[in-house]
Each structure stands twice: as structure tokens, then as C-alpha cells.
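This report walks through one protein structure, topic by topic, for a reader who is meeting it here. Please keep the sequence and the 3D view at hand while reading.

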Amino acid sequence: MSRRLLLGGAALATTATLTLGLPAVAPALAATPASSAAAPAPGKVAGKLFRAWLARDRAAAAAVATPAAVSTIFTYAYRAPDRFDGCSNGVCRYVHTSVRVPGGLNGIAMAVTGSKVTKVYLSRHVERPSAAAGHLFAAWKRGDRYAALEVGAEGAVRTLFRVRYDPRGVVHQFQGCTKEPKGYACAWSYEGGAMFMHVRGSRTTGYDVRSISYTAD
């Protein structure tokens, strides 16, 4: 896969003003303190990490991302996403247009703070239904929607996040996963009812949570 990067720059011209009978005076240039310089746009920072990853250049990646973010992106199990999908609230996404991957993230998302990518989210290849369900549940507990989308379809994540997890609320007990007609149902019981994550996929293609349902006692 090849990428072409077009670099451009603006030239800054300065002129000196000469006054008859007086020495030449150079105009003062306003200095901008380094501390107040504007941070680069998130898309530019994310783009640098993405291109470093494509080139398998860990040194270049480390220049624009935290060690944890570098380690994460280099574990991506699928071929590179083929479209930049823009940035929102400091999170930039690269998505697939011709390959289906598990979950609703559909590629790679990068959280950018200042001049660094601080966290990377990935569509994940999960080989056990219980692992997919456990990952989604843990993301819900943290209130992290992007982590939830790594293994959960958009509809499943939307359903789960309608209610914020309350650490002082009801206690959820994992009851394991059982076969159902088209996959597995992974259950959490709590006082007054239960939550079921309906998992689809296979060990080869990877498992993800496609929908969520609830029952009341």
C-alpha cells in the first residue's frame, strides 16, 4: 500500500523601510512565545502516526505518540483502513470501506492531546465470546464508548450506554455464555433482572457483541 504526502509551505517576506537622511530601520517582528504557539491540528498528529505505522517505523511513531499508543497500533490484526474519517472532540478515525471487521469502530481511532496521540482504539480480533462480552462490559464501567465500539456493534453500544454504570448501584454477576441459535448469549445477573449480550462471529473471523437485551425477575 503506498501513500503520497504532499508538503507545502508559505514564504515570509520582510522589507526594510529607508527614510532619506536617516539610517535604515528594520521593522520590528512580533515574537510569539513558544508556550503560546498553537498546537498542531489533531488530524495532522494522527496522520503522522498513521503513516509511521504504515511504514512500520516505530521511531517515527514514538515521536508523535505515547509508548502505550505506539504499542497498541502496532498490534492491529487487520489490513490498514483505507479512508480518513475526520476528527471529533480530539479523536480522529481511519475506517475500512471494503473490509468488514468486528465491532462498530470499523478501523482505528486515535485520541490526540496537543502534539501527541495519547490513546489508540482498534477493531479487535477476539477469539472467545466471553472475551468480547467482558471487554464491552469493562468499557461500559469506564464510560469509554470508543473502547466499547472495539468489540460492540453501534446498536449494542447505544443500548448499553443509555444507562450510565453506577459503581454504587446494583452488582452485576457474570453468569457465562451459552449457545443460542445464531451465536452465544453472555449474561450478567443483578438484583431484579439480567442483561444478555448476544455475541456473533467465529474464532476465525472474531467475535463481537451485536445486540443487548434485558429480562426482569
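## Helix 1 and its surroundings

A residue is called buried here when its relative accessible area is under 20%, and exposed when that value is over 50%, with partly exposed in between. The model described in this report is a predicted one. By that cut-off, helix 1 has Val45, Ala46, Gly47, Leu49, Phe50, Ala52 and Trp53 as buried residues. The elements that cover them include helix 2 (58-62) and helix 3 (67-73), together with strand 2 (91-95), strand 3 (107-113) and strand 4 (116-122).

Helix 1 covers residues 42-54, and because each residue is expected to add 1.5 Å, its 13 residues should span 18 Å, which agrees with the 18 Å between its end C-alpha atoms. Just after this helix comes Arg56, whose phi is positive, at about 60°.

## The sheet of strands 5 to 8

Strands of a sheet pair through backbone hydrogen bonds, and this pairing can be parallel or antiparallel. In this model, an open sheet of 4 strands follows the order 5-6-7-8, and its pairing is antiparallel. Strand 5 and strand 8 (206-216) lie at the edges and have a single partner strand each, so one side of each is left without a neighbour in the sheet. On average, and with direction ignored, neighbouring strands of this sheet are turned by 25° against each other.

Strand 5 (residues 173-180) and strand 6 (residues 183-190) run antiparallel and are joined by 7 bridges, and the two form a hairpin that has 2 residues between them. Within this pair, Phe174 has Trp188 of strand 6 as its bridge partner. Strand 6 also pairs with strand 7 (residues 193-202), again in the antiparallel sense and over 7 bridges, and Tyr184 is found opposite Val199 of strand 7.

## Two nonpolar cores

The largest nonpolar core consists of 30 residues, and those with the most contacts inside it are Leu136, Leu160, Met195, Met197 and Ile212. At least two residues of this core are supplied by each of strand 3, helix 4 (129-142), helix 5 (145-149), helix 6 (154-160), strand 6, strand 7 and strand 8. Helix 4 gives the largest share, with 6 residues.

Which residues does Ile212 contact, once its neighbours within four places in sequence are left aside? They are Leu136, Ala156, Thr159, Leu160, Met195, Phe196, Met197 and His198. Apart from this core there is a second, separate one of 25 residues, which includes Tyr94, Val101, Val112 and Val117.

## The disulfides

A disulfide is a covalent bond that links the sulfur atoms of two cysteines. How many disulfides does a search of the whole structure find? The search finds 2, and when the bonded cysteines of the protein are numbered in sequence order, the pairing reads 1-2, 3-4.

One disulfide is formed by Cys87 and Cys92, with their sulfur atoms 2.1 Å apart, and this link is right-handed, with 105° about the S-S bond. Cys87 counts as partly exposed because its relative accessibility is 37%, whereas Cys92 has 0% and therefore counts as buried. The other disulfide joins Cys177 to Cys186, with an S to S distance of 2.0 Å; the torsion about its S-S bond is about 105°, so this disulfide is right-handed. Cys177, at 26% relative accessibility, counts as partly exposed, while Cys186, at 0%, counts as buried.

Terms used:
Residues are numbered from 1 along each chain as its sequence is written. This is a predicted model: local features need pLDDT of at least 70, side-chain atom pairs count only at pLDDT 80 or more; totals for chains, interfaces and linings use all residues. Side-chain values use heavy atoms; hydrogens and water are left out. Two strands pair if DSSP finds at least two bridges between them. Axes are lines fitted to C-alpha atoms, for helices over the stretch in contact, and angles run from 0 to 180 degrees between N-to-C directions. The expected span of a helix is 1.5 Å times one less than its number of residues. Buried means under 20% relative accessible area, exposed over 50%, partly exposed in between (1.4 Å probe, protein chains only). Contact means heavy atoms within 4.5 Å. A nonpolar core is a set of buried Ala, Val, Leu, Ile, Met, Phe, Trp, Tyr and Cys residues joined through side-chain atoms within 4.5 Å. A disulfide is a pair of cysteine sulfur atoms within 2.5 Å.
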